[in-house]
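Got your viewer ready? Load the model and follow along, one selection at a time.

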Amino acid sequence: MTIAVISDVHANLEALESVLRDIRKREIEDILFLGDAVGYGPDPNKCIDLLRKECRVSLAGNHDRAAVGMTNIEYFNEFARAAIIWTKEVLTEEHKGFLSSLPVSMTFQTVEDIFLVHSTPREPESWHYLLSLWDAEVNFNYFTERICLLGHSHVPCVIERRPTGDMLVYRDKVTLKKGLRYIINVGSVGQPRDHDPRACYAIMDNNSIAFVRVDYNIKKTQKKMSEAGLPGPLIDRLEYGT
C-alpha cells in the first residue's frame, strides 16, 4: 500500500498541478484529499475538477463549507471572508453541489483503518485547530483507529503517542511503529504556513510516512490573484510560506 495524501489546495491550480505531476512520476495511484479545495486562491472551479478526477476520497474543509453557505463566515478573518465572498460568486452550481456533498470526516479502509478529517477528530465541524500536544492528547480520545490524517493548520507534522502517554513530534519521514498511535498533519498544497513556500503533501505506505515539497510557479498564482482582486496579504504570503 502506497497512498498520497493532500490537503488545503485553496484554489491554487499551479500548486495542485505540480503536486499531481510529482505523484504521477512516483506512480502512486491512490490520492486522498482532506479538504479545503477552495478559498484564498484564484482557480476554485478548475481545482475542484482536478480533485474530482484524481482523488479516490475527498473531504470538505471549512472554506468549502463556507463557500456553499454551510459554515458561518463571521469567524473568518477579513481577508479570508473577502476570498470566500469572491469564491461564492465564481463557483458554478455543479461545483457548489459537489462541495456540499462532501463529508468532513470518514474512516478509510486499506491494510488498516485510517481516520480522515479536515480539522480535528473532536467536533470536526467546529473547525478547531490542533496546534499543541495538549490538543493532540484531547483528540486521541476521539478516534479509535491507530492513525488519524488531517490538515487545516497548513503545518506538516507527525505526533506519535506511546502507550505510556508520552508524545513525540516529527517534521520529516517517520517509521510508523506497531502498537503506537499517530496524528499526522499532511500540510498544505496551496498555502503552506511553515515558512517553506513550496507545496506540501505526504506519501504513506504500510510502514512509514514522509512529507514531500514541490516547487510551483508562485508568481503566476499571485498574478491571477491580483487580477481577480483578491486581498493583497493573501497574495504576498504565498512567497513566504506564512
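Start by selecting Gly229: just after helix H7 (residues 218-228), this glycine takes a positive phi of about 80°. Helices here are DSSP runs of H or I with at least four residues, strands are E runs of at least two, and both are numbered from the N terminus. Before going further, note that this is a predicted model, in which local features need pLDDT of at least 70, side-chain atom pairs count only at pLDDT 80 or more, and totals for chains, interfaces and linings use all residues. Residues are numbered from 1 along each chain as its sequence is written, and side-chain values use heavy atoms, with hydrogens and water left out.

**Helix H7**

Now step back into H7 and pick Ile218, Thr221, Gln222 and Met225, which are buried (under 20% relative accessible area; exposed is over 50% and partly exposed lies in between, with a 1.4 Å probe and protein chains only). Look down the axis of H7: the buried residues fall within an arc of 100°, so they line one face of the helix (the arc is that of the directions from the helix axis to the C-beta atoms). An α-helix has 3.6 residues a turn, so residues three or four places apart point the same way. Flip to the other side of H7 and you get Lys219, Lys223 and Glu227, exposed. What covers the buried residues? H1 and helix H8 (232-237) are included in the cover of H7, where contact means heavy atoms within 4.5 Å.

**The cavity**

Keep Thr221 and Met225 selected, and add His10, Asn12, Tyr40, Gly41, Gly190, Gln191 and Leu238: together they line the largest cavity. A cavity is a set of points on a 1 Å grid over the protein atoms alone where a 1.4 Å probe fits but cannot get out; a pocket is an open set with protein on both sides within 12 Å along at least five of seven lines, and lining residues have an atom within 4 Å of a point. The volume of the largest cavity is about 40 Å³, counted as the space filled by probe spheres set on the points, with grid points joined across faces, edges and corners. Searching the whole structure turns up 1 cavity of 30 Å³ or more.

**Two pockets**

Tyr40 also takes you to the second largest pocket: 16 residues line it, and Tyr40, Asn62, His63, Tyr129 and Arg193 are the closest to its centre. The volume of this second largest pocket is about 160 Å³.

For the largest pocket, at about 200 Å³, select Leu130, Leu131, Ser132, Cys157 and Arg171, which lie nearest its centre among 13 lining residues. Strands E7 (157-161) and E10 (181-185) are the elements that give two or more residues to this lining.

**The cores**

Next, show Ile6, Leu16, Ile23 and Tyr201, which touch the most other members of the largest nonpolar core, a set of 48 residues. Such a core is made of buried Ala, Val, Leu, Ile, Met, Phe, Trp, Tyr and Cys residues joined through side-chain atoms within 4.5 Å. Helix H1 (residues 13-25) supplies the largest share of this core, 6 residues. Zoom in on Ile23: leaving aside neighbours within four places in sequence, this residue is in contact with Ala4, Ile6, Ile28, Ile31 and Tyr201. Apart from the largest core lies another, of 23 residues, including Phe108, Ile147, Val158 and Leu180.

**Last stop: H5**

Finish at helix H5 (residues 93-101), where His95, Phe98 and Leu99 are buried. Down the axis of H5, the buried residues fall within an arc of 95°, so they line one face of the helix. Glu93, Glu94 and Ser101 are exposed on the other side of H5.
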